[in-house]
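Visitor: I would like to walk through this model and ask why its labels apply.
Guide: Go ahead.

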Amino acid sequence: MNILAIETSCDESSVAILRDRQIFQLTASQIDVHAQFGGVVPEVAAREHVPVMIPFVEQVLAQAGIKPEQLDRIAVTAGPGLITSLLVGVETARALAYGWGKPIFPINHIEGHIAANFLVHQDIPFPAMALVVSGGHTELLYMPKPGVYELIGATRDDAAGECFDKCARILGQPYPGGPAISKLAASGDGTQYSFPSPMVNSNTFDFSFSGLKTSVLYFHRDHPDAKLEDVCAGVQEAIVNSLHLKTVRALEQYDAQALLVGGGVAANPLLRERLQTLDIPVFIPPLEYCTDNAAMIAAACRLHNTPTELFAFRADPNWELTPR
Ligand code: KG4
Ligand code: ZN
């Protein structure tokens, strides 16, 4: 099956073709554009997506060596995400599906992050637990089988990636903050400064990261000369500790046979290391499929059988991944 997928939910413009196990993908990152503003500017992000869409579609078709008539499906991220960014991908996909007469599959971005694991890992046992950690989301989902989700925990305020980004900004580091903090933390000592791991004493599987950001703000104000590498290591430790601990508790309560991790924060080396110590198989995609990419949207599309009527759906910035 040849699936053309488009992902434009935030600041990566990505187009992919998935054919069985072969992936052809082009991704344009807007990081340099947004870095000068210290974070993603939604209107700018949407405008940056527009000029790359059709050239990328033409180029991936050429790379895969197929013609539009050989496509079986068109998949597109329809939410959650930035509404103006989502609209660019959704309307491009709709126009192509209309022009080429192809079935269209609106895909949930969170499902895409989880499905990134199916691109590279075989024989994942179910039921499974999924931990999605990105710039916009921090969620624990129980999956009785592929494509079925029960949301059991989520962040009550900032997402884990957002916390990395905001702490980096406080510490004078560039956007995106996750890679910047983890790079500095690699040569720091995470035990020098201890920051609160939020919600670890609460009985829910929910997360909260805004308090940590505030504590870093006051710490930096009061200790401007603290060794940056150690501060970054402390911040990373607090975030990873909270993610790890809630995941362990969820696994104690649910009969999961595996943990699937996804989202940009899954690129974090300490998180990857810590999660690998769990006593069930842990699946994490390679780095290029952790951050936003269209191949993961094509992988999620394969979990569905029925296309959506071409004009029966819209981009939904708040689309929650609910049980089906
Ligand atoms: O999944 P993603 O590409 O976009 C969203 O769906 O949000 O995730 C982006 C987030 C950013 O907050 C970025 O700082 C974070 O992933 N991130 C990391 C690392 N690489 C990217 N966070 C921690 N450590 C990293 N190495
Ligand atoms: Zn994402």
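Guide: His-109 and His-113 sit 4 residues apart in helix H4, so about one helical turn separates them. Helices are DSSP runs of H or I with at least four residues, strands are E runs of at least two, and both are numbered from the N terminus. This is a predicted model: local features need pLDDT of at least 70, side-chain atom pairs count only at pLDDT 80 or more, and totals for chains, interfaces and linings use all residues. Residues are numbered from 1 along each chain as its sequence is written, chains are lettered from A and ligands numbered from 1 in the order written, and side-chain values use heavy atoms, without hydrogens and water.

Visitor: Why does His-109 count as buried?
Guide: Buried means under 20% relative accessible area, exposed over 50%, partly exposed in between (1.4 Å probe, protein chains only). His-109 has 4% relative accessibility, so it counts as buried. His-113, at 0%, is buried too.

Visitor: How many residues of H4 are buried?
Guide: In H4 (residues 109–120), 11 of 12 are buried. Among them are Ile-110, Gly-112 and Phe-118.

Visitor: What makes His-109, His-113 and Asp-292 donors to the zinc ion (ligand 2)?
Guide: Donors are N, O and S atoms within 2.8 Å of the metal (3.2 Å for Na, K and Ca); water is not among the atoms, so sites may look incomplete. Here NE2 of His-109, NE2 of His-113 and OD of Asp-292 coordinate at 2.0 to 2.1 Å. The donor spacing in sequence is H-x3-H-x178-D.
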